[in-house]
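Below are some notes on the model, set out as numbered points for discussion. Please read them with the structure open.

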Amino acid sequence: MYCLTFMKMILATWVFLLLIKSLDAADSRPPVPIITFENLQREIDKVDDTLRIFNFWATWCKPCVEEMPCFLEAGKTFEKQKVKLILVSLDFRKHIETRLLPFIEKNQISLPVWLLDAPDANAWIDRVSSQWSGSIPATLFVRKGERHFYETQFDCNELNEIIHQYLKP
Amino acid sequence: MKTIRLALLFALTFFYSVASYSQGVKPGDIAPSFALKNIDGKIVSLGDYKNAKGVILIFTCNHCPYSVAYEDRIIALDKKYKPQGWPVVAINPNDPTVQPMDSFEKMQERAAEKGFTFPYLFDEGQKIFPHYGASRTPHVFLLQNTDGKFIVRYIGAIDNNYEDESRADRRYVEEAIAALEAGQIPATSLTKAIGCSIKVKK
């Protein structure tokens, strides 16, 4: 009887340790959630006074990488305001370990990065914006149900001014 | 100056779609003609294909991972459809001063490496792609030869899975050719896809 309780305790401790260890491992590198378009749409469709900014990019996209520092800077500038920046990566799923995670680490990207795993792009591009031809970089701004879309590479001043503009009540 | 640029950017947002479509072609339009240098140094023009049923015109390039992901599929399209009268013609629309991987010499190298079976033309001076309204690579324009005139019948992606061909369940270009061969207009004549923007000097 005692023996069984003891065994149970050992087992419980072991499971607990294993759990801690796996959490540790997950923490050691930046997590990149792999999302479907429906996941993304749920975030886009939120109607409140937070300005949500979705920047569609990829590590292989030169103009995207060039404008990335502007988004990182904006993340800091608007830290205390109701602004949520999300970097939606269109990198290939097979390149997460080899390209995306090293890029995030190297450039110290502190903003959330989501990998959009939705290769049937014709099914969802129009649902982001009917104006979007499909090239990147592209950025969607959403606040209180109002959407503004840009298929362009920003410079930092433009981006800041646009964010100021859309934050006005 | 800053304000002007910003105002312009705002204006662009609203008029982008109108502008980009009015500049380019849409299904049913006559395809703009071209005469461009192929990787073998010879000039290739649309008129060279007057005996073909049509042309699978693809704006593509070396550097773009989406283009690279589709290279084998483009070769396969040419191998399958050239004997049936629908050859592939590829055009690189990028400015090599912006993207050095897309220079004429690199095009020759890549074509040799991959064994391209079709012409790979260089849009020198970037004069042709705006007439088509190509906005990204790869971007397909399927042209049907109708009494010597080439009519645009399909614009968009090759299929609906850039990452894994085996998981694609729509093969848009093949479907469009099948429809045209059956004397019909393709049911899907326009699709969108993620791609690399065409590289133009600012």
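1. In this predicted model, strands S6 and S9 of chain B run antiparallel and are joined by 2 bridges. Within this pairing, B:Arg136 stands opposite B:Ser197 of S9(B). Strand S6 of chain B covers residues 136-137, while S9 of chain B covers residues 195-197.

2. The pairing does not end within chain B, since S9(B) also pairs with strand S5 of chain A, residues 135-136, in the parallel sense and over 2 bridges. On the side of chain A, the residue to inspect is A:Ile136, whose bridge partner in S9(B) is B:Cys196. Taken together, the 3 strands make an open sheet with mixed pairing, in the order S5(A)-S9(B)-S6(B). The edges of this sheet are S5 of chain A and S6 of chain B, each of which pairs on one side only.

3. Cis peptide bonds deserve a look in both chains. In chain A, the bond between A:Ile136 and A:Pro137 is cis, with omega at about 10 degrees, and A:Pro137 itself lies in the loop between S5 and strand S6 (138-143) of that chain. In chain B, the bond from B:Thr137 to B:Pro138 is likewise cis, with omega near -5 degrees, and B:Pro138 is placed in the loop between S6 and strand S7 (139-146) of chain B. A:Ile136 therefore enters the description twice, because the residue that precedes the cis proline of chain A is also the bridge partner of B:Cys196, two strands being taken as paired when DSSP finds at least two bridges between them.

4. How much area do chain B and chain A bury between them? The figure is about 3,100 Å², with 56% of it on carbon and sulfur atoms. Of the area that chain B buries against chain A, 22% is supplied by B:Glu163, B:Lys192 and B:Ile194, which is more than any other three residues provide. In terms of contacts, 31 residues of chain B touch 37 residues of chain A.

5. Turning to polar interactions, the interface of chain B and chain A has 1 salt bridge by the rule applied. A salt bridge links the side chains of A:Asp126 and B:Lys192, at 2.7 Å from N to O; B:Lys192 is also one of the three residues named above for their share of the buried area. The count of residue pairs in polar contact between chain B and chain A, with both residues at pLDDT 80 or more, is 11.

6. Which elements of chain B supply at least two residues each to the side that touches chain A? They are helix H1 (2-23), helix H2 (65-81) and strand S9 (195-197), and the largest share, 8 residues, comes from H1(B). By class, this side of chain B is made up of 14 nonpolar, 9 polar and 8 charged residues.

7. The search over all chains finds 3 disulfides. One of them joins A:Cys61 to A:Cys64, with the sulfur atoms 2.1 Å apart. The torsion about this S-S bond is about 75 degrees, so the disulfide of A:Cys61 and A:Cys64 is right-handed.

8. A last point concerns the backbone at B:Gln126, a residue other than glycine whose phi has a positive value, near 55 degrees. B:Gln126 is found in the loop of chain B between strand S5 (120-122) and helix H4 (129-132).

Methods
Residues numbered from 1 in each chain as written. Chains lettered and ligands numbered in written order. Predicted model: local features only at pLDDT ≥ 70, side-chain atom pairs only at ≥ 80, totals over all residues. Heavy atoms only, no water. Contact = heavy atoms within 4.5 Å. Buried area = accessible area lost by both parts, 1.4 Å probe. Salt bridge = Lys/Arg side-chain N within 4 Å of Asp/Glu carboxyl O. Polar contact = N/O pair within 3.5 Å; in protein donor to acceptor, adjacent residues only side chain to side chain. Helix = DSSP H or I, 4+ residues; strand = E, 2+ residues; numbered from the N terminus. Nonpolar A, V, L, I, M, F, W, Y, C, P; charged D, E, K, R; others polar. Disulfide = S-S within 2.5 Å.
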